[in-house]
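Me: I would like to go through this model and ask, for each label attached to it, what the label rests on. Please set the value against the cut-off wherever a conclusion depends on one.

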Amino acid sequence: MKALVVRAPGTVAVEAHDDPLPADLEVMVAPLISGMCGTDIELIDGGVDPMYVRYPLILGHEWVGVLRGDVPGVAVAGDRVVVEGIIPCDVCSECLHGDCNRCAIYDEIGFTRPGGIAELVAVPSRLVHRIDPAVEIEDAVFIEPMSGVWRALTRIPLRAGLSVAIVGDGTIALLAAHLIRRMNPGRVVVVGLREVQRDLAMRAGADAFVTDIPEQHFDLVIEAAGTGPAVRTAIALAARGAMVILLGLPVHGTTIEISPEDFVNNDQILQGSFGYTRSAWAQVVEKVNAGELKPSFLITHRFSLDESEGAIAALRGGVGEHEPRGKVVITVATRH
Ligand SMILES: [Zn+2]
Ligand SMILES: [Zn+2]
């Protein structure tokens, strides 16, 4: 099969690769389409904490495929499916409490085991979810990133009417705008860097898009850029009693100075969020299958597997810097 392989940090190419061999309780899936995100760039460049990656690595943690075998009670061969990327051990205390994102044995498709930018991938059958035939694969390809955002937004209950600032203008920020809309917010302001992202942000559900840091403070601030300066901006935008959610994944080793006194005096919550729980994933699949979430309008760049280099360049912003950039996807297979 062909796959997009990072041999070691800095060395990435589409290569011929041995077909995977499904282990016990695993099933084969043939990916149709895979999204790429900033984390893939960090995996290529070696910017991810070594605890969370194993090289050589087949990339791809946001993907939709066609099932090659049956998963009794869930799906049959030929069905289109998505597969939870985080592989839970199901026996550690975190897993037993439903917090499999913090499983004692970290294992994730596209990070520590082969990903979905490949013609075949072997996955645990228990993590397979069927996609309704009416759903477009370009909507379903967002299930992985939406699950991460959904988990962060539902971890601590949010009340209706909150004023919301989202710091960042990449896909995670745009998905955050799209999903927070479902939670009856007050005003939603996206604080971006690139004016060219305005239309996508407004379409995603923002009430306003600004490139200057607003003067006012917000009840909920979502940091979705994953850089030190963006985290500083997010904290500065938080009102008294606010919650700041860190959704972006900064490069390993990033630090910023904070004033703990302000968090105490202002009665604020600073919430990180890692991956997604099994229940967050299931809830997002349910909403996508019900036709309630259709984020495919966020796809701005499409490439074939052989054009993966172009996808990587698009993500790095090397091409079309004056065009809007939402999700970058790779069509892995055209015949199924
Ligand atoms: Zn991603
Ligand atoms: Zn576990």
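Me: Which residues is Leu67 in contact with, leaving aside its neighbours within four places in sequence?

Reply: In this predicted model, Leu67 is in contact with Val27, Met28, Val29, Ala75, Val76, Ala77, Gly78, Asp79, Val81 and Val128, its neighbours within four places in sequence being left aside. Leu67 itself lies in strand 5.

Me: Why does Leu67 count as buried or exposed?

Reply: The relative accessibility of Leu67 is 1%, and buried means under 20%, so Leu67 counts as buried. The C-alpha atoms of Leu67 and Asn265 are separated by 53 Å, with their positions 198 residues apart along the chain.

Me: What makes Tyr52 and Tyr106 an aromatic pair, and why is the pair called edge-to-face?

Reply: The ring centres of Tyr52 and Tyr106 are 4.9 Å apart, and rings pair if their centres lie within 6.5 Å. Their planes stand at 70 degrees, and because planes over 60 degrees apart count as edge-to-face, the pair is edge-to-face. The two residues come from distant parts of the chain, 54 residues apart: Tyr52 is in the loop between helix 1 (38-45) and strand 4 (57-58), and Tyr106 is in the loop between helix 2 (93-96) and strand 7 (121-124).

Me: Why do Tyr52 and Tyr106 get the labels partly exposed and buried?

Reply: Tyr106 has a relative accessible area of 16%, and the limit for buried is under 20%, so Tyr106 is buried. Tyr52 has a relative accessible area of 29%, which falls between the 20% and 50% limits, so Tyr52 is partly exposed.

Me: Why is the pair of Tyr106 and Phe274 edge-to-face?

Reply: The centres of the Tyr106 and Phe274 rings are 5.9 Å apart and their planes are at 65 degrees; with the limits at 6.5 Å for pairing and over 60 degrees for edge-to-face, this pair is therefore edge-to-face. Phe274, in the loop between strand 14 (269-272) and helix 9 (278-289), is 168 residues apart from Tyr106, and at 36% relative accessibility Phe274 counts as partly exposed. Ring pairs thus link Tyr52, Tyr106 and Phe274 into a cluster.

Me: How do you know that helix 1 and helix 10 are roughly perpendicular?

Reply: The axes of helix 1 and helix 10 (residues 308-316) come within 10 Å and cross at roughly 110 degrees. Angles of 65 to 115 degrees count as roughly perpendicular, and the two helices are therefore roughly perpendicular to each other. Their contact is made by Gly38, Ile41, Ile44 and Asp45 of helix 1 together with Ile312, Leu315 and Arg316 of helix 10; by class, it has four nonpolar, one polar and two charged residues.

Me: Which residues coordinate the zinc ion (ligand 1)?

Reply: The zinc ion (ligand 1) is coordinated by Cys37 (SG), His61 (NE2) and Glu62 (OE) at 2.1 to 2.2 Å, where the limit for a donor is within 2.8 Å. Along the chain these donors follow the spacing C-x23-H-E. Cys37 is in the loop between strand 3 (26-36) and helix 1, while His61 is in the loop between strand 4 and strand 5 (62-67); both Cys37 and His61 are buried.

Me: Why is Gly110 called buried?

Reply: Its relative accessible area is 0%, and buried means under 20%, so Gly110 is buried. Gly110 is in the loop between helix 2 and strand 7, and touches, among others, Leu43, Leu57 and His61. The C-alpha atoms of Gly110 and His61 are separated by 4.8 Å, although the two are 49 residues apart along the chain.

Me: What makes the phi of Leu25 and the bond between Tyr55 and Pro56 stand out?

Reply: Most residues other than glycine have a negative phi, and most peptide bonds are trans. Leu25, by contrast, has a positive phi near 65 degrees, and a cis peptide bond with omega about -5 degrees joins Tyr55 and Pro56. At 72% relative accessibility, Leu25 counts as exposed, because exposed means over 50%.

Key:
Residues numbered from 1 in each chain as written. Chains lettered and ligands numbered in written order. Predicted model: local features only at pLDDT ≥ 70, side-chain atom pairs only at ≥ 80, totals over all residues. Heavy atoms only, no water. Phe/Tyr/Trp six-rings, centres within 6.5 Å; stacked < 30°, edge-to-face > 60°. Helix = DSSP H or I, 4+ residues; strand = E, 2+ residues; numbered from the N terminus. Buried < 20%, exposed > 50% of the residue type's maximum accessible area, 1.4 Å probe, protein only. Axes fitted to C-alpha atoms, helices over the stretch in contact; angles between N-to-C directions. Parallel < 35°, antiparallel > 145°, perpendicular 65-115°, else oblique. Contact = heavy atoms within 4.5 Å. Nonpolar A, V, L, I, M, F, W, Y, C, P; charged D, E, K, R; others polar. Donors = N, O, S within 2.8 Å, 3.2 Å for Na, K, Ca; no water.
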